[in-house]
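Trainee: I've got a structure on my screen and I'm not sure how to read it. Could you walk me through it?

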Amino acid sequence: MNKSLLDSVADSTLHRDRDRFHRSIASLIGQYLETESVSIYHLVDDGGTARLIPEAAVNADAADVDASPEQFGFPLDPAKHPALSDVPEWESSVREHRIVQYTHSSGKTCAALPIESERGVVGLLVVECANQLQTRDLEFVGAMLRFMKNHLALLDYGERDTLTGLLNRKTFETTFEKVRHRLRRAHDGSTGVEPSWLGMIDIDKFKTINDTYGHLFGDEVLLLVAQIMQRSFRGADQLFRFGGEEFVVVLDHATTAGAEIAFDRLRATIGEFDFPQVGRVTISLGYSRIFPNDDPTTCVERTDAALYYAKHHGRNNIHNYEALVAAGELVTKGAGEDAELF
């Protein structure tokens, strides 16, 4: 391995943004192996169907390619991305945690390699080259994948809540900006992409739970609520713990009716769950649409106003900010002011 490549490996550790880190790794592998292309996919659970969403790509003609779904010719909606089972070799690589080399229908020689983190297989690396990868090549790629796993673990440590494993509050603005950027591109292109939503969740009477049963059982409630959230939403949706008993969901690509169904399903599922020692627990939830020109603070304020309304109108319910305004239940105020309840 030459000094230039070693320098590139060292430089890749400077990236704290996952997209840039993935692009740097794809570029490194493409540079070392002189491949036709290197692609990195993120594995998501879409209602029980494993799907692959492109994250980075490098080919022989361009050192670095924008790997947004549109650039790959895929739709923006994760539910419309190819299923892992569509390519048997890819599925074998992920399910069996192994390298699979095969010949594509186009005649190209390919290799699929699982990308692992401490949470299991999280993605797939696909290499296209003139010939099958030899032992020396596979050892290099294997080393890069171990390097990826270690670096992703460090990123997870800084981005995830230690109790629940959900994303933490400091990662929210970065996620929000990516959603807003996508909405702006979709709006400019008049593509009719389904909207995105911000939901804010608060566990009802959580202080009473802590006071009655102790913080140990309170923490267990938080952990179980987080696990129910992970099972209730799609893998492409972003889940956060904002602190205390407050959680946030960025629900992407959902119609107005679809957002209401998803949020109310979560409310009902939590309300029906039997929490150890504590028994029944309910949540209140407010949500608002994310607009292309939104800033995070403004959108959070709208969502919080809907949550406040839910908390003061019986709890164990969900409310949409825009619907409340249309019904005359909330009146919007100027910047920096709170919404007024009726």
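Mentor: Sure, let's go through this model feature by feature. Keep in mind that it is a predicted model.

Trainee: Then how do I read the confidence? What is the mean pLDDT of the protein chain?

Mentor: pLDDT is the predictor's confidence in each residue, from 0 to 100. Here the chain has a mean of 85, with 86% of its residues at 70 or more. One stretch to watch is residues 63–75, where pLDDT stays under 50. The model still has 33 contacts beyond four places in sequence for that stretch.

Trainee: Okay. How many helices and strands are there in the protein chain?

Mentor: You'll find 10 helices and 13 strands. The chain has 342 residues, and 47% of them are buried. Now take contacts between residues at least 6 apart in sequence: 60% of these join residues at least 24 apart.

Trainee: Let's do the sheet. In what order do the 5 strands stand?

Mentor: Read the order across the sheet, from neighbour to neighbour. Here that gives 2-1-5-4-3, in an open sheet with antiparallel pairing. Strand 2 (49–59) and strand 3 (100–103) each have a single partner strand, so they stand at the edges, with one side left without a neighbour in the sheet. On average, neighbouring strands are turned by 25° against each other, direction ignored.

Trainee: Can we zoom in on one pair? How many bridges join strand 1 and strand 5?

Mentor: Strand 1 (residues 37–46) and strand 5 (residues 120–129) share 6 bridges, in the antiparallel sense. To see one, find Ser-39, whose bridge partner in strand 5 is Val-126. Then look at what lies on the sheet: helix 4 (residues 135–159) packs there and touches strand 1, strand 3, strand 4 (109–117) and strand 5. The directions of helix 4 and strand 4 make about 30°.

Trainee: And helices against helices? How are two packed helices described?

Mentor: You give the angle between their axes and the distance between those axes. Try helix 2 (residues 18–33) with helix 4: the angle is about 170° and the axes are 11 Å apart. An angle over 145 degrees counts as roughly antiparallel, so helix 2 is roughly antiparallel to helix 4. Among the residues making this contact are Phe-21, Ile-25 and Leu-28 of helix 2, and Phe-140, Met-144 and Phe-147 of helix 4. By class, the contact has 13 nonpolar, 2 polar and 5 charged residues.

Trainee: Which other pair could I try?

Mentor: Go to helix 6 (residues 206–213) and helix 7 (residues 215–232). Their axes come within 7 Å and cross at roughly 140°. These two helices are therefore oblique to each other. Helix 6 brings Phe-206, Ile-209, Asn-210 and Tyr-213 to the contact, while helix 7 brings His-215, Phe-217, Gly-218, Val-221 and Leu-222. That contact divides into 6 nonpolar, 3 polar and no charged residues.

Trainee: How do I spot a hairpin? How many residues lie between strand 8 and strand 9?

Mentor: Look for two paired strands and the turn that links them. Strand 8 and strand 9 form a hairpin with 2 residues between them, and Gly-244 in the turn has a positive phi of about 60°. Strand 8 pairs with strand 9 (residues 246–251) in the antiparallel sense over 5 bridges, with Leu-239 opposite Val-249. Strand 8 (residues 238–243) also runs parallel to strand 6 (residues 167–168), joined by 2 bridges. There, Asn-168 has Arg-241 as its bridge partner.

Trainee: Last one: single residues. Is Ala-226 buried or exposed?

Mentor: Check the relative accessible area; under 20% counts as buried. Ala-226 lies in helix 7, and because its relative accessibility is 0%, Ala-226 is buried. Not counting residues up to four places away in sequence, Ala-226 touches Thr-164, Leu-166 and Phe-247. Thr-175, in helix 5 (residues 172–189), is buried at 14%. Beyond its neighbours within four places in sequence, Thr-175 contacts Gln-238 and Phe-240.

Trainee: What about Arg-302, buried or exposed?

Mentor: Arg-302, found in helix 9 (residues 296–311), is buried too, with a relative accessible area of 12%. Leaving aside neighbours within four places in sequence, its contacts include Asp-294, Tyr-321 and Glu-322.

Definitions and conventions
Residues numbered from 1 in each chain as written. Predicted model: local features only at pLDDT ≥ 70, side-chain atom pairs only at ≥ 80, totals over all residues. Heavy atoms only, no water. Pairing = 2+ DSSP bridges. Helix = DSSP H or I, 4+ residues; strand = E, 2+ residues; numbered from the N terminus. Axes fitted to C-alpha atoms, helices over the stretch in contact; angles between N-to-C directions. Contact = heavy atoms within 4.5 Å. Parallel < 35°, antiparallel > 145°, perpendicular 65-115°, else oblique. Nonpolar A, V, L, I, M, F, W, Y, C, P; charged D, E, K, R; others polar. Buried < 20%, exposed > 50% of the residue type's maximum accessible area, 1.4 Å probe, protein only.
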